[in-house]
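The exercises below are meant to be worked with the sequence and the coordinates side by side. Each one sets a task, and a worked solution follows.

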Amino acid sequence: TCKDEPRLEHYIQNSLSRVSIFEDVELDFLLRYEEIVRLILGNEMDEASHLIMSYLEKIEEMPEKYVEVFLNFSNDLFARLEREEEYVCVNKKLLLFYVSQKEYDKAKGLLDEWLQILPNDQDLLSIKKDLSVETED
């Protein structure tokens, strides 16, 4: 947590109404990832994207309670910024997260959507194979 939490909390709450990407995100999450929040609020999207991608590289070290929120938040941001490569990467991480959490219905739904878009993507085909093994009776 940050040393200036009250000041940052006030800053975030005043800015939230103007930045819809933060609309459904818990304050606890925003405070934990304050550097990303500051970059986004400062319209420093390249830096924010770079920082998000560095977190994604070590997502397994992230506290479990933040993983899905972080992935969905990142997914939304990259979609808004029209950053295809990052958007695809986040969705693959989200698929792997769903499989690891045994949320097979969510994983299958998202995987089916992505296989329609990228039917020959090797990562997606590998996830499909792993998911088939996981869900066999």
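The model shown here is a predicted one, and the exercises deal in turn with aromatic rings, a polar side chain and salt bridges.

**Exercise 1. Classify the ring pair of Tyr87 and Trp114, and state where in the chain its two members lie.**

Solution. A pair of aromatic rings is described by the distance of the centres and the angle of the planes. The centres of the Tyr87 and Trp114 rings are 5.6 Å apart, and this is within the 6.5 Å required for a pair. The planes meet at 50°, which is neither under 30 degrees nor over 60, so the pair is tilted. As for location, Tyr87 belongs to helix α6 (residues 84–100) and Trp114 to helix α7 (residues 104–117), so that the pair links parts of the chain that are 27 residues apart. With a relative accessible area of 27%, Tyr87 is partly exposed, whereas Trp114, at 7%, is buried. The pair is one of 11 aromatic pairs counted in the model.

**Exercise 2. Determine which residues make up the aromatic cluster, and which charged residue lies over the face of Tyr55.**

Solution. The cluster is formed by Phe22, Phe29, Tyr33, Tyr55, Tyr66, Phe70 and Phe73. Taking Tyr55 from this cluster, one finds Lys58 over the face of its ring, at 5.9 Å from the ring centre.

**Exercise 3. Decide whether Asn91 is buried or exposed, and describe its surroundings.**

Solution. Asn91 lies in helix α6, the helix that also holds Tyr87. Its relative accessible area is 2%, and because the limit for burial is 20%, Asn91 is classed as buried. When residues up to four places away in sequence are left aside, Asn91 touches Asn75, Leu110 and Trp114. With Trp114 there is also a polar contact between the side chains, at 3.2 Å. Trp114 thus appears both in this contact and in the ring pair with Tyr87.

**Exercise 4. Compare the placement of three salt bridges, those of Asp28 with Lys65, Asp76 with Arg80, and Asp123 with Lys92.**

Solution. Side chains of opposite charge can pair when their charged atoms come close. The structure holds eight salt bridges in total, and the three chosen here can be taken one at a time.

Step one concerns Asp28 and Lys65, whose side chains meet at 3.4 Å, N to O. Asp28 is in helix α2 (residues 27–32) and Lys65 in helix α5 (residues 64–81), so to speak a link between distant parts of the chain, 37 residues apart. Asp28 is partly exposed at 39% relative accessibility, and Lys65, at 60%, is exposed.

Step two concerns Asp76 and Arg80, which meet at 3.1 Å, N to O. Because these two residues are four residues apart in helix α5, about one helical turn separates them. Both values fall in the partly exposed range, with 29% for Asp76 and 46% for Arg80.

Step three concerns Asp123 and Lys92, where the closest N and O atoms are 2.9 Å apart. This pair again links distant parts of the chain, since Asp123 is in helix α8 (residues 122–134) and Lys92 in helix α6, 31 residues apart. Asp123 counts as partly exposed at 44% relative accessibility, whereas Lys92 counts as buried at 15%.

A last step turns to salt bridges that share partners, which join Glu68, Glu103 and Lys106 into one network.

Notes
Residues are numbered from 1 along each chain as its sequence is written. This is a predicted model: local features need pLDDT of at least 70, side-chain atom pairs count only at pLDDT 80 or more; totals for chains, interfaces and linings use all residues. Side-chain values use heavy atoms; hydrogens and water are left out. Rings of Phe, Tyr and Trp (its six-membered ring) pair if their centres lie within 6.5 Å; planes under 30 degrees apart count as stacked, over 60 as edge-to-face and the rest as tilted. Buried means under 20% relative accessible area, exposed over 50%, partly exposed in between (1.4 Å probe, protein chains only). A charge sits over a ring if NZ of Lys or CZ of Arg is within 6 Å of the ring centre and within 35 degrees of the ring normal. A polar contact is a pair of N or O atoms within 3.5 Å; within protein, one must be able to donate a hydrogen and the other to accept it, and residues adjacent in sequence count only if both atoms are side-chain atoms. Contact means heavy atoms within 4.5 Å. A salt bridge is a side-chain nitrogen of Lys or Arg within 4 Å of a carboxyl oxygen of Asp or Glu.
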